[in-house]
Amino acid sequence: MIELKNSEEIEKMRAAGKIVAKVLATMQVEAVPGVSTWQLDQIAEEIIRGCGAVPSFLGYGGFPGSICASINEEVVHGIPSKNRILKEGDIVGIDVGAYLNGFHADSALTVPVGKVSSEASRLLTLTKKSLNKALELIKPGIHLGDVQHAVETYATAGGFGIVRDYCGHGVGRKLHEDPSIPNFGNKGTGPVLKEGMTLAIEPMLNLGGDDVEVLDNNWTVVTTDGSYSAHFEHTVAVTQKGYLILTA
Ligand code: MG
Ligand code: MG
């Protein structure tokens with residue numbers, strides 16, 4: 001069942017979303033060569049707690065960090081570690097959630113570390129654009145499949161692989177709510193969007209093929225072919241006339 005939120009509840013999610021946005025803005029500055037993903041995690045947790053919120057991911061299913069930090073061929077669910085030091089040319093996906101006043105917000109972006117290859121740079125630019133293209137469609141009355149189709153179309157045109165085993169989701173009182181939102185789909189299919197739905201849309205695109213696998217740590221998802229992967233995500237609310245990004 002897709003839970004609708006009233007305007008007061010959406011305000012609460014917006015408050016959580018602003019904290020998430022603050023963390024991600026800081027990560028863009030702090031993700032430089034020589035920094036470990038553990039250090040990034042510490043900074044993120046400090047910001048979240050400093051704002052009176054709780055990191056949504058810490059302890060979720062036993063996850064040990066406040067952020068997921070996924071480097072290069074890592075797609076999502078990278079575990080922050082003192083041994084993972086960023087170096088020039090890496091790309092690092094940072095995914096973060098904050099829980100405040102009973103509601104979660106969830107957002108991600110992928111940061112270039114120093115100067116990256118033109119291929120990597122193109123992957124980042126177009127993955128972010130695929131998210132924006134999908135968001136622009138959102139309004140009451142369209143089908144969720146229309147949104148999914150927009151990501152797929154954009155990714156395919158760019159020649160990228162689409163991660164099919166992980167997807168976006170509803171978000172609110174719980175970090176993961178109905179519906180599931182794959183990054184592919186057909187127009188005119190799936191639930192019809194209604195005012196008050198709150199959704200996390202999160203394209204994950206690869207420079208190579210679609211396939212991914214999970215490492216022995218049972219968390220980190222990597223591309224099977226070792227190609228770089230990018231991830232961008234926003235939590236949005238469906239409004240009367242369109243949408244509102246809650247994690248901007
Ligand atoms: Mg996320
Ligand atoms: Mg998410």
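**Exercise 1.** How many residues does α1 have, and what distance does α1 reach from its first C-alpha to its last? State also what is found at the start of α1 and which of its residues are buried.

*Solution.* The model is a predicted one.
- Step 1. Helix α1 spans residues 7-30 and has 24 residues.
- Step 2. The expected span is 1.5 Å times one less than the number of residues. For α1, 34 Å is expected at 1.5 Å a residue, and the reach from first to last C-alpha is 34 Å, close to that value.
- Step 3. At the start of the helix, a side-chain oxygen of N6 comes within 3.1 Å of the backbone nitrogen of E8.
- Step 4. Buried means under 20% relative accessible area. In α1 the buried residues are E9, I10, M13, R14, A16, G17, I19, V20, A21, V23, L24 and M27.
- Step 5. An α-helix has 3.6 residues a turn, so residues three or four places apart point the same way.

**Exercise 2.** Identify the residues that coordinate the magnesium ion (ligand 1), and locate D106 and E233 in the chain.

*Solution.*
- Step 1. The donors to ligand 1 are two OD entries from D95, one OD from D106 and one OE from E233, at 2.0 to 2.7 Å.
- Step 2. Along the chain these donors are spaced as D-x10-D-x126-E.
- Step 3. D106 belongs to strand β5 (residues 103-112), whereas E233 sits in the loop between β13 (229-231) and β14 (234-238), so the pair ties together parts 127 residues apart in sequence.
- Step 4. D106 also bridges to a second magnesium ion (ligand 2), and the two ions lie 3.1 Å apart.
- Step 5. D106 and E233 are both buried.

**Exercise 3.** Describe the largest pocket and the second largest pocket by volume and by lining.

*Solution.*
- Step 1. The largest pocket has a volume of about 280 Å³, and the second largest has about 230 Å³.
- Step 2. Lining the largest pocket are 17 residues, with F57, C68, H77, D95 and H176 nearest its centre. D95 is also a donor to the magnesium ion (ligand 1).
- Step 3. The lining of the largest pocket divides by class into 10 nonpolar, three polar and four charged residues.
- Step 4. The second largest pocket is lined by 17 residues, of which Q28, A108, L109, K128 and F232 are closest to its centre. The classes in this lining are nine nonpolar, six polar and two charged.
- Step 5. α1, β5 and α3 (118-137) each give at least two residues to the lining of the second largest pocket. β5 supplies the largest share, six residues.

Note on methods. Residues are numbered from 1 along each chain as its sequence is written. Chains are lettered from A and ligands numbered from 1 in the order in which they are written. This is a predicted model: local features need pLDDT of at least 70, side-chain atom pairs count only at pLDDT 80 or more; totals for chains, interfaces and linings use all residues. Side-chain values use heavy atoms; hydrogens and water are left out. Donors are N, O and S atoms within 2.8 Å of the metal (3.2 Å for Na, K and Ca); water is not among the atoms, so sites may look incomplete. Helices (H or I, at least four residues) and strands (E, at least two) are DSSP runs, numbered from the N terminus. Buried means under 20% relative accessible area, exposed over 50%, partly exposed in between (1.4 Å probe, protein chains only). On a 1 Å grid over the protein atoms alone, a cavity is a set of points where a 1.4 Å probe fits but cannot get out, and a pocket is an open set with protein on both sides within 12 Å along at least five of seven lines; lining residues have an atom within 4 Å of a point. Grid points are joined across faces, edges and corners, and a volume is the space filled by probe spheres set on the points. Ala, Val, Leu, Ile, Met, Phe, Trp, Tyr, Cys and Pro count as nonpolar, Asp, Glu, Lys and Arg as charged, and the others, Gly among them, as polar. A polar contact is a pair of N or O atoms within 3.5 Å; within protein, one must be able to donate a hydrogen and the other to accept it, and residues adjacent in sequence count only if both atoms are side-chain atoms.
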